[in-house]
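Please open the model in your viewer with the sequence alongside it, and keep the selection tool at hand. The stops below are meant to be taken in order.

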Amino acid sequence: MTAIPVVIGRRPPVIDRAEASDLHEADAASTALIDTHGRVHRDLRISLTDRCSLRCTYCMPEQGNEWLARSSILTLDEIERIARVAAAAGVTTFRLTGGEPLLRADIVEVVRRLAAIESPSGPVQLAMTTNGIRLAELLPALQEAGLHRLNISIDTLRRDRFHDLTRRDRLEDVLTGIAAAQASSLRPLKLNAVAMRGVNDDELVELVAFAIAHDAELRFIEQMPLDAGHTWDRAQMVTREEILETLRGRWTLTPVPGRGGAPAERWVLDDGPHTVGVIASVTAPFCGDCDRLRLTADGQLRNCLFSTTEYDLLPILRAGGEVDAEIDRMLRSCVRGKLPGHAINDPSFLQPARGMNAIGG
Ligand code: SAM
Ligand code: SF4
């Protein structure tokens, strides 16, 4: 069976048949996932659900979200199957995300199954990005099941702002989750914050100090055009330079060398040991070193957050037959179709139809 990648976007969906004919026999080779620009892909972000306990303005609409059909959500067995094929092709890190991954009823079992996977270079690393709600309750089981690393998102420490920003009054639950993570042995611990003008840009120093007090690294993220309402405005975005300028008012920043394919640039604060990171996807894109692929909760492979092409694994998984070989071919086709970079800064940029919660951040 040959599955066909689908191009999505605000245009009516069309089938990209040139991509379909791109599925060569060579794609079945069991070598590393190297794209046409020489980038080796070792990191798979797995979205477990598009559902969420919050409604962050930069990600989801307040109401009227079009949820993925429940019947299309990948099962535990399907996720494990894709992950095993990816690991055999050289993927060494899985990051569980969403939506909110902790809303998934079988989350502990997902962690257990994926943490047990071996890639040719050894056991995989398993990380999770979460909004922290339900973390305190689930963390012992997640750790016991094999979770290695955690990123927790927190954009403000003020309850009224948190409510405005997420449309939910859940700051206390997030803080409880962060406290549980601090008390655990999971390290390094990272806290993510999207910097927003007029919303939390007066809290940047406070957020870093909060992270330090919780033995964590704060990582600021430039806001990207991935909100469901398509209201992103470049002029309103808080840039990497502005973030650094604010932090330099409080600390001396010394760059940490050896970034590799990591999305965050990092700096040591004063004489250390604490650090801060900035993920500047818009003003300083790191596409040249990108080693990531994404799997949506409904089984679509994506080679970029901003891609308008998806590679559909659902029919492959549910038709039976040479499933693993077909998944492998689709992975390779997806990698081969990867562009050198995203085009956020290009006037012709087309925002993906899916919001961040349905792609997986
Ligand atoms: N619900 C979990 C959470 O919030 O951590 C995991 C999914 S969320 C989509 C993953 C990360 O993406 C979060 O740190 C969130 O702040 C970030 N994010 C979401 N929309 C974004 C946007 N438009 N620009 C930049 N970062 C965004
Ligand atoms: Fe939910 Fe995370 Fe999106 Fe916020 S950023 S709405 S917590 S998926």
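Does Asn65 count as buried or exposed, by its relative accessibility? Select Asn65, bearing in mind throughout the tour that the model is a predicted one, and you will find this residue in the loop between β3 and α2. Asn65 counts as buried, because its relative accessibility is 19% and the cut-off for that class is under 20%. With residues up to four places away in sequence not counted, Asn65 touches Met60 and Asn357.

Stay in the loop between β3 and α2 and move the selection to Ala69. Ala69 is partly exposed, its relative accessible area being 43%. Add Asp298 to the selection: the two residues are 229 residues apart in sequence, yet from C-alpha to C-alpha they are 8.2 Å apart in space.

Next, select Met356, whose place is in helix α11, residues 356-359. With a relative accessible area of 17%, Met356 is buried. Which residues is Met356 in contact with, once its neighbours within four places in sequence are left aside? They are Cys59, Gly98, Met224, Leu226, Leu305 and Gly361. If you draw a distance from the C-alpha atom of Met356 to that of Leu226, the separation is 5.3 Å, although these two residues are 130 residues apart along the chain.

Now turn to the ligands, beginning with ligand 1, and display the 19 residues that surround this molecule; the closest are Tyr58, Gly99, Glu100, Ser153 and Met224. Three polar contacts can be followed one after another. A nitrogen atom of ligand 1 lies 2.9 Å from a backbone N or O atom of Tyr58, and a nitrogen atom of the ligand is 3.0 Å from a polar backbone atom of Gly99. On the side-chain level, an N or O atom of Asn192 is 3.2 Å from an oxygen atom of ligand 1. Taken alone, ligand 1 exposes 540 Å², of which the protein buries 95%. To see which elements give two or more residues to the shell around ligand 1, colour β7 (125-130), β9 (189-195) and β10 (216-222). By class, the residues of this shell divide into 7 nonpolar, 10 polar and 2 charged.

Keep Gly99 selected and look at its backbone, where a cis peptide bond joins Gly98 and Gly99 with omega at about 25°. Gly99 has its place in the loop between β4 (93-97) and α3 (107-115). Gly99 is also one of the residues around ligand 2, together with Cys52, Leu54, Cys56, Tyr58, Cys59, Met60 and Asn131. How many charged residues does the shell around ligand 2 have? There are no charged residues in that shell, which has 6 nonpolar and 2 polar ones.

From the ligands, go to strand β14, residues 292-295, and show the side chains. Arg292 and Arg294 point one way from the strand, while Leu293 and Leu295 point the other way, and all of these residues are buried. Strand β3 (residues 43-47) runs parallel to β14 and is joined to it by 4 bridges, with Leu44 standing opposite Leu293. Strand β15, residues 300-302, pairs with β14 in the antiparallel sense over 2 bridges, and here Arg294 stands opposite Arg302. β14 and β15 form a hairpin with 4 residues between them, and in the turn Gly299 has a positive phi of about 80°.

The last stops concern backbone geometry. In the loop between β12 (265-269) and β13 (275-279) select Pro273, which a cis peptide bond joins to Gly272, with omega at about 5°. Asp270 is found in the loop between β12 and β13 as well; its phi is near 50°, a positive value in a residue other than glycine. At 35% relative accessibility, Asp270 counts as partly exposed. Finally, select His230, in the loop between β10 and α8 (240-248). Phi of His230 is near 55°, a positive value for a residue that is not glycine, and with a relative accessible area of 26% this histidine is partly exposed.

Note on methods. Residues numbered from 1 in each chain as written. Chains lettered and ligands numbered in written order. Predicted model: local features only at pLDDT ≥ 70, side-chain atom pairs only at ≥ 80, totals over all residues. Heavy atoms only, no water. Buried < 20%, exposed > 50% of the residue type's maximum accessible area, 1.4 Å probe, protein only. Pairing = 2+ DSSP bridges. Near = heavy atom within 4 Å. Nonpolar A, V, L, I, M, F, W, Y, C, P; charged D, E, K, R; others polar. Contact = heavy atoms within 4.5 Å. Polar contact = N/O pair within 3.5 Å; in protein donor to acceptor, adjacent residues only side chain to side chain. Areas by Shrake-Rupley, 256 points an atom, 1.4 Å probe, with all protein chains shown as cover.
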